[in-house]
Amino acid sequence: MMQPNLIPVFDPTPLPAPYWVFKLLLIVTFFLHILAMNFMLGGAVLALASKWRSRKREDGNRVFFEIAKKLPIFLPATITLGIAPLLFVQVLYGQFFYTSSILMAWPWFLVLVLLTVAYYGFYYVSFHSRKHPGRAGWVMLFSVILVCVIGFVYSNNLTLSQVPSRWGAKYFANPSGWHLNLSEPTLIPRFLHFFTAAVAVGGLLLVFVALANWKRDHEYGRQLLQFGGKAFMYATMAQLLVGVWFLVSLPREMIMLFTGASPFATALLLVAVFSASGAIFMMSDALRKENIRVAAYYVPGLIALVILTMCVMRDILRDAYLKPYYHPERFVVQTQWSVLPLFLVLFIGGVVLWFVMLKRYGLFRSAKAAEIPASVGPQPAK
Ligand code: HEM
């Protein structure tokens, strides 16, 4: 049976800036969103791992407490930095993104509820881990699960938005808005790819906290460096396998794209894989020599390059999926020169302000001694 064309008509409203400006902003803001999400999710996962696996209970609790204090900062950062790509994705891919959002309307609405509950959980942990350290661990686990469910819903929506050929069958089988995209072969490896990256970047967050403590409480700083650095290394090694799984789960033409058919896409993949492998070796060397500078500056620098490269690759992949349906050359552009420079200046100013705020309110800073429970506070040197 012929499937009806469910792609809404192209929006004739002119773009207020050239197409490439929106594309660039989409990629840059998505990069920032995913960075904040990685710090939040990866940080929380490693805080739990440290709490429940540490042989010395006080040390595990201290790392847990330290990260718990930062989570109510990282979650709103993830949300605010998510709104920007949400706007740009609607401008450029609205025809596809709106339709998939309608097909999975209920899970999509549910994201707001899950987000609110997860947020409460992180606040509870941040305020009450002192009085109820045991309960705080379970509440944090609950919030982490909710955050993972949100990420999974996003992966469903974004993969569904790329395959208009599947919409008709889904909608006519059940128009109630309760769909996901579970039959998508790339869904699980794609989601795991994001999750594993979050754990690796969470490891780097611990390395930053190690740097903040390096002089003040050297022994604690060393422990954080070892724990965070190893988490980063093992997660990135696992990522090399998950990444291959993701690649081979793609349709054949897309695999070809990254393995020679498109020199640009292939070069990006090579840069990403070699940089990630290089970062593993650098971190391993930094851990052996306890070189905090390499671990806290050079490795994160290299990983930022890898994530940015991956964001561009993800965008190439979306355009490859949508090639038969998406015609960006049809956009009418009427650049609003009176507001565009102002927007760009405010945008850059806003991003800089974010970093200043994060730095000032707790990204690299350690919890104040007064905030650390007496039982897990800095111990006097023996
Ligand atoms: C706090 C929980 C959140 C998590 C764990 C999360 C995670 C993710 C993940 C994993 C993706 C990539 C999905 C894929 O490509 O398969 C993604 C994409 C995206 N997220 Fe989030 N997200 C969260 C919250 C938000 C919020 C609240 C917003 C908006 C206000 C948002 C906006 C976006 C947008 C617009 C994209 C797609 C960008 C594009 O396609 O280029 N996210 N998110």
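**Exercise 1. Polar contacts of the ligand**

Find how far a polar side-chain atom of Arg 190 lies from an oxygen atom of the ligand in this predicted model.

*Solution.* Start at the side chain of Arg 190: one of its polar atoms is 2.6 Å from a ligand oxygen. Pairs of N or O atoms count as polar contacts within 3.5 Å, so keep that cut-off at hand for the next steps. Move on to Ser 155, where a polar side-chain atom lies 2.9 Å from an oxygen atom of the ligand. Then turn to Tyr 154, which has a side-chain N or O atom 3.3 Å from a nitrogen atom of the ligand.

**Exercise 2. The iron atom**

Work out which residue gives the iron atom of the ligand its single protein donor, and where that residue is found.

*Solution.* Look for donor atoms around the iron first: the single one from the protein is NE2 of His 33, at 2.2 Å. Next, place His 33 in the fold: it belongs to helix 1, which covers residues 19-53.

**Exercise 3. The shell around the ligand**

Describe the shell by its residues, their classes and the element with the largest share.

*Solution.* Begin with the site: the ligand sits in the largest pocket. Two or more shell residues come from each of helix 1, helix 2 (57-103), helix 4 (133-160), helix 6 (187-213) and helix 10 (292-321). Helix 2 has the largest share, with eight residues. Now count: 25 residues surround the ligand, and the closest are His 33, Ser 155, Arg 190, Arg 314 and Arg 318. Sorting the shell by class gives 17 nonpolar, five polar and three charged residues.

**Exercise 4. An aromatic pair**

Classify the ring pair of Phe 10 and Phe 331, and locate both partners in the chain.

*Solution.* The structure holds 19 aromatic pairs. For Phe 10 and Phe 331, the centres are 5.1 Å apart and the planes make an angle of 50°. Planes under 30 degrees apart would be stacked and over 60 edge-to-face, so this pair is tilted. Finally, trace the chain: Phe 10 is in the segment before helix 1, while Phe 331 is in the loop between helix 10 and helix 11 (340-360). The pair thus links distant parts of the chain, 321 residues apart.

Methods:
Residues are numbered from 1 along each chain as its sequence is written. This is a predicted model: local features need pLDDT of at least 70, side-chain atom pairs count only at pLDDT 80 or more; totals for chains, interfaces and linings use all residues. Side-chain values use heavy atoms; hydrogens and water are left out. Donors are N, O and S atoms within 2.8 Å of the metal (3.2 Å for Na, K and Ca); water is not among the atoms, so sites may look incomplete. Helices (H or I, at least four residues) and strands (E, at least two) are DSSP runs, numbered from the N terminus. A residue is near a molecule or strand if one of its heavy atoms lies within 4 Å of it. A polar contact is a pair of N or O atoms within 3.5 Å; within protein, one must be able to donate a hydrogen and the other to accept it, and residues adjacent in sequence count only if both atoms are side-chain atoms. On a 1 Å grid over the protein atoms alone, a cavity is a set of points where a 1.4 Å probe fits but cannot get out, and a pocket is an open set with protein on both sides within 12 Å along at least five of seven lines; lining residues have an atom within 4 Å of a point. A molecule sits in a cavity or pocket if more than half of its atoms lie within 2 Å of its grid points. Ala, Val, Leu, Ile, Met, Phe, Trp, Tyr, Cys and Pro count as nonpolar, Asp, Glu, Lys and Arg as charged, and the others, Gly among them, as polar. Rings of Phe, Tyr and Trp (its six-membered ring) pair if their centres lie within 6.5 Å; planes under 30 degrees apart count as stacked, over 60 as edge-to-face and the rest as tilted.
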